[in-house]
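Open the model in your viewer and keep the selection panel at hand. This tour goes stop by stop.

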Amino acid sequence: MKHTKITISLLLVLTAIAFFGISCVNAEHKDGETAAQADQPKAELPYDLENPVKYNMPHNLFEISGIVFHNGDPKEVFAIQDEDGDLFHLGLSDKESKFTKFGGKGDYEDLTIIKNHIIVLKSNGELHAFPISEINKPEVVNVVKTKDLVPKAEYEGLAADEKAGLIYILTKDSKPDSKAKKSSIYAFSFANDGTLKPSGEFGLSHKDIEAISGSNKSRFRPSALAKNPQTNEWYVLSSVNKLLVITDENFKIKATFPLNGSLFNQPEGIAFDKDNNLYISNEGGTLAAGNILLFKHKKP
């Protein structure tokens, strides 16, 4: 009996020591997170990223790579896919899409609309621009191509700030950016005649993204961006990292939100409508069609 009591007492002591050790480890982990994020307030996203309204795209938009609305009107979405120079436009629930050819085969990554002009971005930074009035023709007659506007790199993001008359080109990857641990963004003013003039350069800090997200498993490589018209915040999407990054209007990192891989197969397009609802498009996969996910804005 005495031996049994000693054994039980020893077990209780060992259990207490183990519990204390685990508590210390957890405390250290928590303290580590706090130190890395001490100056970052806990952000709350006004969208439920786990509960979208899902719209499957027609087969010709299986590889959808960019989306945008004209004047924020959600009745018609404009989109491209990354292999053919075709501009698609359709209702979100449509089973078929209309399209207009604006270019040949190529790696087309994103598009935007500004001053009634559609601009499409190729992965090498080349821009294709034409009036939106051309969309009902089988083929656009006068496409303005702009080359050598940005440094040599890989590009995937294009967005417009209609009020400011600016477009923004987002770098996905480049040797200089990799060395500097940032993603470069180039702003250009867009005149009524379609001419472009440099209007500033910005950078997304990879170190800030890693500090806030708590992950540095892979280098940040963004795939799309859009400006929230109500808050003036930028929403930057990364398909590779399965991450949504929120910045202020000058691209200072404010918050990050992980994306559920079961919902976001290959997120490469992002847009807002006039009611401040958020849309994210995904390329299709082995068991899924290309789609657009609608996240309704939470009312305060």
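How many of the 6 residues of strand 4 (residues 85-90) are buried? Select that strand in this predicted model. The count is 6 of 6, so strand 4 is largely enclosed by the rest of the structure.

**Stop 1: strand 4 and its partners**

Show the side chains of strand 4. On one side sit Gly85, Leu87 and His89, all buried. On the other side sit Asp86, Phe88 and Leu90, also buried. Both faces are therefore covered, with burial meaning under 20% relative accessible area. In a regular strand, side chains alternate between the two faces of the sheet.

Add strand 3 (77-81). Strand 3 and strand 4 run antiparallel and are joined by 3 bridges. A hairpin of 3 residues links strand 3 to strand 4. Pick phenylalanine 78: its bridge partner in strand 4 is histidine 89.

Now add strand 5 (residues 98-103), which pairs with strand 4 in the antiparallel sense over 5 bridges. Here phenylalanine 88 has phenylalanine 99 as its bridge partner in strand 5.

**Stop 2: glycine 72**

Move to the loop between strand 2 and strand 3 and select glycine 72. Is glycine 72 buried or exposed? Its relative accessible area is 13%, so glycine 72 is buried. Leave aside neighbours within four places in sequence, and glycine 72 contacts Phe272, Asp273 and Lys274. Draw a distance to alanine 271: the two C-alpha atoms are 8.7 Å apart, across 199 residues of sequence.

**Stop 3: the largest pocket**

Which residues lie nearest the centre of the largest pocket? Select Ala160, Glu162, Lys227, Pro229 and Phe272. They belong to a lining of 27 residues. Strand 2 (64-69), strand 6 (108-114), strand 10 (154-161), strand 14 and strand 18 each give two or more residues to that lining. The space inside is about 600 Å³. Colour the lining by class: 14 residues are nonpolar, 6 polar and 7 charged.

**Stop 4: the largest nonpolar core**

Hide the pocket. Select Leu45, Leu49, Tyr235, Leu244, Ile270, Leu278 and Phe295. These have the most contacts inside the largest nonpolar core, a set of 19 residues. At least two residues of this core come from each of strand 14 (224-227), strand 15 (234-238), strand 16 (243-247), strand 17 (253-258), strand 18 (267-272), strand 19 (278-282) and strand 20 (291-295). In soluble globular proteins, nonpolar side chains tend to be buried together.

Zoom in on leucine 45. Beyond residues up to four places away in sequence, leucine 45 touches Tyr235, Leu244, Ile246, Phe257 and Lys298. Apart from the largest core lies another, of 17 residues, including Ala159, Ala187, Ile212 and Trp234.

**Stop 5: phenylalanine 251**

Select phenylalanine 251, in the loop between strand 16 and strand 17. Phenylalanine 251 counts as buried because its relative accessibility is 2%. Outside its neighbours within four places in sequence, phenylalanine 251 contacts Tyr168, Ile185, Phe202, Gly203, Leu204, Leu225 and Trp234. The C-alpha of phenylalanine 202 is 6.9 Å from that of phenylalanine 251, although 49 residues of sequence separate them.

**Last stop: two positive phi values**

Go to the loop between strand 6 and strand 7 (117-122) and select lysine 115. Its phi is near 50°, a positive value in a residue other than glycine. Lysine 115 is partly exposed, at 32% relative accessible area. In that loop, also select asparagine 116. Phi of asparagine 116 is positive too, near 60°. At 46% relative accessibility, asparagine 116 counts as partly exposed.

Notes. Residues numbered from 1 in each chain as written. Predicted model: local features only at pLDDT ≥ 70, side-chain atom pairs only at ≥ 80, totals over all residues. Heavy atoms only, no water. Core = buried A, V, L, I, M, F, W, Y, C linked by side-chain atoms within 4.5 Å. Buried < 20%, exposed > 50% of the residue type's maximum accessible area, 1.4 Å probe, protein only. Helix = DSSP H or I, 4+ residues; strand = E, 2+ residues; numbered from the N terminus. Contact = heavy atoms within 4.5 Å. 1 Å grid on protein atoms, 1.4 Å probe; cavity = no way out; pocket = protein on both sides within 12 Å on 5 of 7 lines; lining within 4 Å. Points joined across faces, edges and corners; volume = space filled by probe spheres on them. Nonpolar A, V, L, I, M, F, W, Y, C, P; charged D, E, K, R; others polar. Pairing = 2+ DSSP bridges.
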